[in-house]
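Here is a protein model to explore by question and answer. Look it over before reading on.

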Amino acid sequence: MINKLCIIGVGLIGGSLARALRAAKAARTIVGHSRDAAHLQRAMELGVIDRAERLLADAVRDADMVVLAVPVGAMTELLREIAPQLSQRAAVTDVGSVKGAVVAAARDALGARFPVFVPGHPIAGTEKSGVEASFVELFKGQRVVLTPEPDTDPGAVQRVTDMWRATGAEILTMTAAHHDDVLAVTSHLPHMLGYTLVDALLKLDDNKTMVALAASSFRDATRVAASDPEMWHVICLSNRVAVVEALK
Ligand code: NAP
């Protein structure tokens with residue numbers, strides 16, 4: 001049982017995790033933090049979190065589990081800010097789609113507290129964003145990859161594993177480099193292809209007719225192009241070596 005769960009970034013992934021842990025009665029109090037007060041208010045109205053904290057320090061204080069569910073590009077700054085606020089018993093984890101870059105950022109930002117950081121990535125999602133898109137069953141029967149480093153605290157790994165198991169997910173462990181090579185092929189490349197297909201079609205002269213006649217095959221091949229382009233831009237850049245290999 002998590003006593004105080006702090007979710008930084010109550011969007012699709014953070015909101016779905018909060019919903020699943022609440023349904024499993026795996027957390028006593030769920031506190032949420034994000035930049036926009038209206039987003040936090042909505043998370044409260046939907047019953048996703050128990051408490052909204054506008055100040056990061058208040059959100060993290062006394063939490064025994066801190067989950068970063070923000071875009072990969074926002075992780076470094078947030079890790080730096082939370083480092084001095086972490087309680088002695090806190091485990092910290094993330095849900096970022098790239099692991100090597102996040103691990104490097106966490107090592108730099110957390111310093112001596114780095115061993116409490118357990119890098120993670122749920123292999124589940126949709127092309128939608130925000131807390132409205134979150135749902136309780138997102139992780140059920142799906143996989144979550146953890147990429148602990150040699151100096152990661154085994155106790156923290158166990159607690160993060162237990163948290164994800166409570167959502168109904170299956171846990172896989174691998175190195176961050178292996179994760180990034182695999183996800184470049186299975187996720188990052190398909191996103192780039194989806195965006196590129198839509199972009200290429202819109203640049204053609206007869207694009208209005210093409211859009212009108214684009215049916216299920218085009219829709220299926222480009223579903224992921226409805227994802228947040230800024231988020232995916234940073235994911236692909238953060239894993240650029242493996243993505244370029246995948247493109248080749
Ligand atoms: P999302 O729905 O847009 O949620 C992101 C949340 O982070 C929002 O609540 C946003 O709220 C908050 N946020 C953004 N920048 C912040 C900052 N600097 N400080 C505090 N809060 C901040 O995105 P998502 O799809 O859940 O993605 C979150 C993470 O999950 C990403 O790292 C992504 O790589 C990973 N992931 C995504 C998927 C997927 O399919 N979407 C799957 C697996 C993993 P405010 O705007 O109010 O700050």
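Q: In which helix is His-191 found?
A: This is a predicted model, where local features need pLDDT of at least 70, side-chain atom pairs count only at pLDDT 80 or more, and totals for chains, interfaces and linings use all residues. Residues are numbered from 1 along each chain as its sequence is written, and side-chain values use heavy atoms, with hydrogens and water left out. Helices (H or I, at least four residues) and strands (E, at least two) are DSSP runs, numbered from the N terminus. His-191 is found in helix H7.

Q: Is His-191 buried or exposed?
A: Buried means under 20% relative accessible area, exposed over 50%, and partly exposed in between (1.4 Å probe, protein chains only). The relative accessible area of His-191 is 9%, so the residue counts as buried.

Q: Which residues is His-191 in contact with, leaving aside its neighbours within four places in sequence?
A: Contact means heavy atoms within 4.5 Å. With those neighbours set aside, the contacts of His-191 are Val-224, Ser-227 and Trp-232.

Q: How are H7 and H10 placed, oblique or parallel to each other?
A: Helix H7 (residues 176-203) packs against helix H10 (residues 229-238) with axes 10 Å apart, at an angle of about 130°. Axes are lines fitted to C-alpha atoms, for helices over the stretch in contact, and angles run from 0 to 180 degrees between N-to-C directions. Angles under 35 degrees count as roughly parallel, over 145 as roughly antiparallel, 65 to 115 as roughly perpendicular and the rest as oblique. H7 and H10 are therefore oblique.

Q: Which residues of H10 make the contact with H7?
A: On the H7 side are Ser-187, His-188, His-191, Met-192 and Tyr-195. On the H10 side are Pro-229, Trp-232, Ile-235 and Cys-236.

Q: How many charged residues has the contact of H7 with H10?
A: Ala, Val, Leu, Ile, Met, Phe, Trp, Tyr, Cys and Pro count as nonpolar, Asp, Glu, Lys and Arg as charged, and the others, Gly among them, as polar. By class, this contact has six nonpolar and three polar residues. The charged count is no residues.

Q: What is the strand order in the open sheet of six strands?
A: Two strands pair if DSSP finds at least two bridges between them. Pairing in this open sheet is parallel. The edge strands, each pairing on one side only, are E3 (51-52) and E6 (117-118). The order is E3-E2-E1-E4-E5-E6.

Q: Which residue in E2 is the bridge partner of Ile-7?
A: Strand E1 (residues 2-8) and strand E2 (residues 27-33) run parallel, joined by six bridges. The partner of Ile-7 in E2 is Gly-32.

Q: Which strands does helix H1 touch?
A: Helix H1 (residues 12-23) packs on the sheet. Its direction makes about 165° with that of E1. The strands touched are E1, E2 and strand E4 (65-68).

Q: Which residue in E4 is the bridge partner of Leu-5?
A: E1 and E4 are parallel partners over four bridges. In E4, Leu-5 is matched by Met-65.

Q: Which residues point the other way from Met-65 and Val-67 in E4?
A: In a regular strand the side chains alternate between the two faces of the sheet. Met-65 and Val-67 point one way, and all four residues named here are buried. Pointing the other way are Val-66 and Leu-68.

Q: How is H4 placed with respect to H5, roughly parallel or roughly antiparallel?
A: H4 and helix H5 (residues 100-110) have axes 8 Å apart and pack at an angle of about 25°. That makes the two helices roughly parallel.

Q: What is the strand order in the open sheet of three strands?
A: Pairing in this sheet is mixed. E7 and strand E8 (residues 143-146) pair in the antiparallel sense over four bridges. The order is E7-E8-E9.

Q: Where is Gly-168?
A: At 36% relative accessibility, Gly-168 counts as partly exposed. Its contacts beyond four places in sequence are Phe-139, Lys-140, Gly-141 and Gln-142. Gly-168 lies in the loop between helix H6 (154-166) and strand E9 (170-173).
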